[in-house]
Amino acid sequence: MPQFWMEDFAPQMVWLVISFIALYLLMARVALPRVANVLETRHGRIADDLDQAAQLKAQAETVISEYEAALADARAQAQATIAQAGAEAAAAAEKRNAEVAEALAAEAAAAAERVAAAKNDALTELRGVATELAQAAAERLLDGSVEAADVAAAVDSALGNTGQENASGS
């Protein structure tokens, strides 16, 4: 092997040193600055991306907080609208109930008037029937004629006492 020959050892060492210095200078002047430049560019791009990500995160947090505030406002407005609609519905129902109660009270008053009128008509008719019956019964019992005025006074007196007993018994 020629590398191990001692007479060729010195020139090989010289060429080794020359090659090493040439490669060192080539690497130091050309390759390493390019690598350093690429690394710096990459580091700068990563730093910019991180800064931009931080800004976007801050903007996203701001947008989220604004969204949550708008959502809370919308919920509050919805609750207020629901409460207002409920109050309006309750007021409308109360108004309808009052109208129905008023109509029922008017119908009840009209019915009470009709009942009172029917009662008065019945009592008037009863007075006439009672007067005729009393006159007929008195004429049969007495075998004679009885004055209609006397019979009417007796019936009025009897109806007056019955009316007072019914009023006090009720």
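**Exercise 1. Determine whether Arg127 is buried or exposed, and identify its salt-bridge partner.**

Step 1. Arg127 has a relative accessibility of 33% and therefore counts as partly exposed; buried means under 20% relative accessible area, exposed over 50%, and partly exposed in between (1.4 Å probe, protein chains only).

Step 2. The model is predicted, so local features need pLDDT of at least 70 and side-chain atom pairs pLDDT 80 or more, while totals for chains, interfaces and linings use all residues. Residues are numbered from 1 along each chain as its sequence is written, and side-chain values use heavy atoms, with hydrogens and water left out.

Step 3. A salt bridge requires a side-chain nitrogen of Lys or Arg within 4 Å of a carboxyl oxygen of Asp or Glu. Arg127 forms one with Asp156, at 2.3 Å from N to O.

Step 4. Arg127 belongs to helix α1 and Asp156 to helix α2 (residues 148-169), so the pair ties together parts 29 residues apart in sequence. Helices are DSSP runs (H or I, at least four residues), and strands are runs of E with at least two, numbered from the N terminus.

Step 5. Asp156 is also partly exposed, at 34% relative accessibility.

**Exercise 2. Describe the overall form of the chain.**

Step 1. Two helices and zero strands are present.

Step 2. The radius of gyration is 62 Å, well over the 15 Å that the globule rule gives for 170 residues, so the chain is more spread out than a compact globule. This radius is taken over C-alpha atoms, and the rule is 2.2 Å times the number of residues to the power 0.38.

Step 3. The C-alpha trace spans about 190 × 35 × 20 Å along its principal axes.

Step 4. Buried residues account for 4% of the 170 residues.
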